[in-house]
Amino acid sequence: PGAVPPHRPGLVKMSSAEPGRFFCTAGRGLEPFLAREVRARLGATEVDCVSGKVFFRAAAAPDELRKLRSGERLFLLLKKHSPLPVSGSKGKMLHEIKRFVIEEPKYWLDVISVWRKLHGHEGKTDDVSQENTLVLKRKSEEETNTASKRQKMERVRAIVSEECQVEAGERCVAPERMRGQEYWTESKTSSEFPSKGSGENPTANEKLSFSFRVSCRCSGAIAKILTSQEIGRVIGIALVKQCGWRADLRDPDVEIFVHLNDIHSVVGIPLFRLPLANREYIRTAGLRSTVAWAMASLAEISAGALVLDPMCGLGTILLEAAKEWPEACYWGADISDSQLEGADGNIRTAGLMDKIELLRASVKALPLPSESFDSVISDIPFGKKFKITNDAQLLPDILQEMERVVRVGGTIVLLLSQDLRKRMDGLTKCAGSDSPEATADGNSEAAPAKVLSVDGNSSSLAGGVGKSFLSSRHFGSLVPDGVYAVSLGKTDAFIHKYRKVSAAGN
């Protein structure tokens with residue numbers, strides 16, 4: 001395709017009350033959950049899903065944006081463009097990329113201004129911070145005045161050569177920076193630009209004291225011709241020339257992310273230093289927090305509900321559910337003392353001791369009354385990691401106990417490994433032909449029941465396969481109500497949802 005003029009959003013006119021343009025990365029399969037969440041939580045509009053990302057517009061403050069639970073990393077969207085034209089000339093392609101990303105210096109000053117407004121840090125520094133800022137600024141001025149163009153070029157090359165290797169979900173984070181701290185809380189940035197209403201323009205030295213780092217990731221056709229390092233180097237050098245900024249790998253004031261692939265070309269700035277998926281209230285990580293939240297979101301938890309995880313492990317599902325739906329009561333069971341100790345530590349760290357109860361019990365013989373819980377949610381830990389080999393033989397016993405303790409009308413949400421799901425499919429071949437499952441990246445797989453389409457809406461498909469398995473195993477009271485393919489990093493898994501429609505055995 002021919003070159004398309006890059007879109008230049010009106011950043012100067014945007015205020016804290018006006019909708020901002022954002023995008024959030026998501027694990028594969030979680031894009032529909034994130035699309036639904038930004039609509040419900042933020043009232044987002046112009047929601048657009050692609051594999052691995054959700055774009056949206058919302059009038060939301062950082063504190064509201066930080067509450068997103070199904071996303072990985074959140075960015076202020078600067079530019080979104082169709083895929084850049086691919087040609088055999090590296091020089092021509094690099095020129096097009098540079099033209100797409102680089103603007104006049106005023107554009108980037110406006111970008112930084114909007115970003116600062118989102119965080120509300122203008123004029124909010126104490127005397128100590130201001131003193132530190134002046135020292136750092138003087139040091140930066142001295143370094144800049146004595147540095148040659150060659151030295152600046154070398155700094156940029158060092159930055160992009162390391163940073164451009166960072167993939168989604170990984171960060172080059174300076175170890176001395178505090179956990180949970182945002183970029184703009186660094187004292188040295190507090191007076192790099194004049195505060196609102198000062199009427200001053202930043203001097204050359206002030207611009208030079210502002211530091212940046214380029215993060216570039218490319219895939220598809222463009223990656224066959226150019227490396228991320230080559231692209232990042234060109235962008236970094238151009239920013240030094242155009243804006244007079246200083247390159248800094250370890251502790252930059254701002255990171256500029258450039259994502260180029262066959263779907264789109266995107267430029268953004270991360271709003272928070274750490275990914276949204278890094279939960280400050282989880283001391284010992286277990287299941288990925290975003291997947292745990294997605295599972296809990298399917299369980300239809302309401303105020304006063306009783307929710308059980310009979311194989312709770314470190315309690316991640318219970319933590320995510322209790323944080324999001326605090327008006328319910330939660331129980332976790334596990335046969336492992338070490339897992340329960342880890343779960344107890346997480347619960348205490350999160351301050352949820354009054355919301356979550358733990359007990360030592362086998363999922364095959366729960367010491368709990370029948371039909372006493374509104375929802376059962378569990379990550380079934382099958383596979384080599386847990387030294388369980390008779391997966392398919394144990395599943396009926398587990399389902400039977402879950403069916404027994406959940407009330408009529410209640411829900412069961414399970415996370416199953418790909419291997420276990422294949423075994424389940426093998427048990428259901430007698431039911432007839434498989435039905436397709438729509439996934440976020442457009443692929444189709446054999447799957448029963450209802451799936452979540454890429455726009456976050458549900459669509460009903462034939463449910464005979466999953467239902468026949470339950471019926472053949474005498475679980476006729478459980479009706480399949482959804483299957484969702486998700487990624488756990490190196491492996492794939494499937495969230496299965498069931499609803500209990502009658503008393504067990506009827």
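Start with the hairpin. Strands β18 and β19 form it, with 4 residues between them. G489 sits in that turn, with a positive phi of about 100°. Keep in mind that this is a predicted model.

How many bridges join the two strands of the hairpin, β18 and β19? There are 9, and the strands run antiparallel. β19 covers residues 492-500. Two pairs give you the register. G482 faces K497 in β19. V483 has H496 in β19 as its bridge partner. β18 itself is mostly covered, with 9 of its 10 residues buried.

Now the sheet around that hairpin. It is an open sheet of 7 strands, with mixed pairing. The order reads β11-β10-β9-β12-β13-β19-β18. Which strands are at the edges? They are β11, residues 356-360, and β18, residues 478-487. Each of these pairs on one side only. From one strand to the next, the twist averages 15°.

Helices pack on this sheet. Take α9, residues 289-298. Helix α9 touches β12 (373-379), β13 (406-417), β18 and β19. The direction of α9 makes about 155° with that of β13. Then there is α11, residues 337-350, which touches β10 (329-334) and β11. The direction of α11 makes about 170° with that of β11.

Stay with α9 for a moment, and look at its neighbour α10. Two packed helices are described by the angle between their axes and the distance between the axes. Here the axes of α9 and α10, residues 316-324, come within 8 Å. They cross at roughly 60°. The crossing is right-handed. Which residues of α9 take part? S289, A292, W293, M295 and A296 do. They meet T316, I317, E320, A321 and E324 of α10. By type, the contact divides into 6 nonpolar, 2 polar and 2 charged residues.

Next, charges. Side chains of opposite charge can pair when their charged atoms come close. The whole structure holds 20 salt bridges. I'll pick a few.

One is R28 with D492, at 2.8 Å from N to O. R28 is in the loop between β1 (20-25) and α1 (31-42), while D492 is in strand β19, so this pair ties together parts 464 residues apart in sequence. Are the two partners buried or exposed? R28 is partly exposed, at 37% relative accessible area. D492 is also partly exposed, at 25%.

Another one involves β19 too. K500 pairs with E371, and the closest N and O atoms are 3.7 Å apart. K500 belongs to strand β19, and E371 to the loop between β11 and β12. The two are 129 residues apart, so to speak distant parts of the chain that the pair links. K500 is buried, at 2% relative accessibility. E371 is partly exposed, at 37%. There is also a network: salt bridges with shared partners join E300, D481, K497 and R499. You met K497 earlier, opposite G482.

A third pair is R246 with D248, at 3.8 Å from N to O. R246 is buried, with a relative accessible area of 17%. D248 counts as buried as well, at 16%.

That takes us to another sheet. It is open, has 8 strands and is mixed in its pairing. The order is β2-β3-β1-β4-β8-β7-β5-β6. What stands at its edges? β2 (45-50) and β6 (246-247) do. Each has a single partner strand, so one side of each is left without a neighbour in the sheet.

Inside this sheet, look at β5 and β7. β5 spans residues 211-218 and β7 spans 254-260. They pair in the parallel sense, over 7 bridges. S215 has F257 in β7 as its bridge partner.

Helices pack here too. α1 touches β1, β2 and β3 (53-58). The direction of α1 makes about 10° with that of β3. Helix α8, residues 228-243, lies across β5 and β7. Helix α8 runs at about 150° to β5.

To close, back to β19. Strand β19 pairs with β18 over 9 bridges. D492 in this strand reaches R28 through a salt bridge. K500, also in β19, pairs with E371.

Note on methods:
Residues numbered from 1 in each chain as written. Predicted model: local features only at pLDDT ≥ 70, side-chain atom pairs only at ≥ 80, totals over all residues. Heavy atoms only, no water. Pairing = 2+ DSSP bridges. Axes fitted to C-alpha atoms, helices over the stretch in contact; angles between N-to-C directions. Contact = heavy atoms within 4.5 Å. Left-handed = near helix turned anticlockwise from the far one by under 90°. Nonpolar A, V, L, I, M, F, W, Y, C, P; charged D, E, K, R; others polar. Salt bridge = Lys/Arg side-chain N within 4 Å of Asp/Glu carboxyl O. Buried < 20%, exposed > 50% of the residue type's maximum accessible area, 1.4 Å probe, protein only.
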